[in-house]
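Me: I should like to take a close look at a single part of this predicted model. Please describe the chosen place and then follow its surroundings in one connected account.

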Amino acid sequence: MKQIYKSGNYLIVINTANSLQFPLSSIYREQYNNFIITDEIGEREIIIPISESATYTDNDGVSYTESTLRDFLKTETGL
């Protein structure tokens with residue numbers, strides 16, 4: 001199961017290969033049809049193809065759409 005959700009001061013990203021925690025101060029951007037989340041010092045990064053948005057759920061099991069995932073990332077990261 002792939003998930004993206006907020007827990008405390010962290011953004012939790014779980015996919016088939018990783019389970020990562022990013023501080024909410026992390027940077028979100030879009031590039032080449034991908035959502036990209038990078039920690040504030042550039043040490044960790046995860047790339048999520050926009051086309052895979054619906055394969056991710058929040059911590060309640062609700063699937064994202066491209067629009068809702070974009071809105072969540074814009075709201076919960078430092079941009």
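Reply: The account begins with serine 26, which lies in the loop between S3 and strand S4 (27-31). Serine 26 has a relative accessible area of 0% and is therefore buried, the cut-off being under 20%. Its C-alpha atom is separated by 8.6 Å from that of leucine 11, although the two residues are 15 apart along the chain.

From serine 26 one may pass to aspartate 39, since aspartate 39 is in contact with Ser26 as well as with Phe22, Pro23 and Arg44, its neighbours within four places in sequence being left aside. Aspartate 39 is found in another loop, the one between S5 and S6. With a relative accessibility of 5%, aspartate 39 also counts as buried. A polar atom of its side chain lies 2.8 Å from the backbone nitrogen of glutamate 43.

Two of the residues that aspartate 39 touches, Phe22 and Arg44, are also related to one another: arginine 44 lies over the face of phenylalanine 22, at 5.1 Å from the ring centre.

Phenylalanine 22 leads on to the nonpolar core. The largest nonpolar core has 17 residues, and Phe22 is among those with the most contacts inside it, together with Ile4, Leu11, Val13, Phe35, Ile37 and Leu73. At least two residues of this core are supplied by each of strand S2 (10-14), strand S3 (19-23), strand S5 (34-38), strand S6 (45-49) and helix H1 (66-76). H1 gives the most, with 3 residues. In soluble globular proteins, nonpolar side chains tend to be buried together. As one example of the surroundings of a core residue, valine 13 touches Gln3, Ile4, Asn18, Ser19, Leu20, Phe22, Ile37, Ile46 and Ile48, residues up to four places away in sequence not being counted.

Aromatic rings complete the picture. A pair of aromatic rings is described by the distance of the centres and the angle of the planes. The count comes to 2 aromatic pairs. In one of them, the rings of tyrosine 28 and phenylalanine 35 have their centres 6.0 Å apart and their planes at 40 degrees, so the pair is tilted. Tyrosine 28 counts as buried at 6% relative accessibility, and phenylalanine 35 counts as buried at 0%. The rings of tyrosine 64 and phenylalanine 72 also form a tilted pair, because their planes are at 45 degrees, with the centres 5.7 Å apart. Both tyrosine 64 and phenylalanine 72 are buried.

Key
Residues numbered from 1 in each chain as written. Predicted model: local features only at pLDDT ≥ 70, side-chain atom pairs only at ≥ 80, totals over all residues. Heavy atoms only, no water. Core = buried A, V, L, I, M, F, W, Y, C linked by side-chain atoms within 4.5 Å. Buried < 20%, exposed > 50% of the residue type's maximum accessible area, 1.4 Å probe, protein only. Helix = DSSP H or I, 4+ residues; strand = E, 2+ residues; numbered from the N terminus. Contact = heavy atoms within 4.5 Å. Polar contact = N/O pair within 3.5 Å; in protein donor to acceptor, adjacent residues only side chain to side chain. Phe/Tyr/Trp six-rings, centres within 6.5 Å; stacked < 30°, edge-to-face > 60°. Lys NZ or Arg CZ within 6 Å of the ring centre and 35° of its normal.
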